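User: Hi! I am new to this structure and would like to go through it step by step. Could you show it to me?

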Amino acid sequence: MEYFTAKTVLALPPDVETYGIDYVANLYRGCNLGCVYCDGHSDCYKMKNFNVVSAKKDALAILENELAHKRKKGIVALGTLSDCYNPHEKETELTRGALQLLDKYGFGVSVETKSDLVVRDIDVLCSIAKHSPAVVKFSVCTPYDDLSRKLEPKANPPRRRFAALRKLSDAGIFTGICLTPVLPFITDDSASILSLIESAAQVGCKFAYAGEAFGVTLRDSQRAYFLNKIEKAFPGMKEKYEKAYPDAYLCVSPNNDSLLRAFADKCDSLGLLHTAREISQSFLRPYQTCQISLFDF
């Protein structure tokens, strides 16, 4: 693990109206899960080797000082630029330390991850939930472990993610899944989407979220990285993407309309929340008197 010097940990989200959260806190930089679709390879992040994980030096001391001086409490999103439960977290415990500080200073938390290591911190998440919103969402793009190994080679397979969601849900944590991204021609079939929703309901999740469209974003260096990776895993797929999405940033599935209908119908039938507004309202309802700003998906 390499460390780099940073002056801050806590920051405002890049677009409050879009993201809705109050603060973001990135303790790590880079991600070594190897997901073929990761937006972190885009030029805008100015990272030469996104696959190498490094951490902010004295991150917890900096974060505590920032939290202690914030007049406005709110929800802090952990790991918006990389998975805050990357493999190094098992030893460094930076994310656990950050959760303990959020609990100490009365802040809520939003965690998105692919790692079942988050189960280790159920005790702190439950403590936060006593005074502030606490939500854990797992991103999943396929229900199939073998396909996940091709697309997310070093991430926990879907079965382990759902097992973790079961433990979190049983502990009373507000949990859900984010079906992002959905890869055209690879994971955009209705059977996969419906299977993910059913699995989420079975393990006690409160929501499933898919955004405005089923697809994947591609730009500059990320596009090149993605196309090279999927060509190795699925020969001929690069040409298929280049023909279907020659210059597109958002590559929407050809099945988008039917998938959105099937997704909404299945969520409704299983009692899962699936729009940002209804998810936020349900998640925040127990804390309305705290006047914490809306959590956004």
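Analyst: Happy to. Strand 1 and strand 5 (residues 54-56) run parallel and are joined by three bridges. Please keep in mind that this is a predicted model.

User: Which residue in strand 5 is the bridge partner of Glu 2?

Analyst: Strand 1 covers residues 2-4, and strand 5 covers residues 54-56. Within strand 5, the bridge partner of Glu 2 is Ser 54.

User: Which strands stand at the edges of the sheet?

Analyst: The open sheet has three strands in the order 1-5-4, with mixed pairing. Two of them have a single partner strand each, so one side of each is left without a neighbour in the sheet. These edge strands are strand 1 (2-4) and strand 4 (28-29).

User: How far is Arg 29 from the ring centre of Phe 4?

Analyst: Arg 29 lies over the face of Phe 4. Its distance from the ring centre is 3.8 Å.

User: What kind of pair do the rings of Phe 226 and Tyr 241 make?

Analyst: The whole structure holds eight aromatic pairs. In this one, the ring centres are 5.2 Å apart and the planes stand at 70°. Planes over 60 degrees apart count as edge-to-face, so the pair of Phe 226 and Tyr 241 is edge-to-face.

User: Is Phe 226 buried or exposed?

Analyst: Phe 226 sits in helix 9 (residues 220-233), 15 residues from Tyr 241 in helix 10 (residues 237-244). Buried means under 20% relative accessible area. Phe 226 has 0% relative accessibility, so it counts as buried.

Key:
Residues are numbered from 1 along each chain as its sequence is written. This is a predicted model: local features need pLDDT of at least 70, side-chain atom pairs count only at pLDDT 80 or more; totals for chains, interfaces and linings use all residues. Side-chain values use heavy atoms; hydrogens and water are left out. Rings of Phe, Tyr and Trp (its six-membered ring) pair if their centres lie within 6.5 Å; planes under 30 degrees apart count as stacked, over 60 as edge-to-face and the rest as tilted. Helices (H or I, at least four residues) and strands (E, at least two) are DSSP runs, numbered from the N terminus. Buried means under 20% relative accessible area, exposed over 50%, partly exposed in between (1.4 Å probe, protein chains only). A charge sits over a ring if NZ of Lys or CZ of Arg is within 6 Å of the ring centre and within 35 degrees of the ring normal. Two strands pair if DSSP finds at least two bridges between them.
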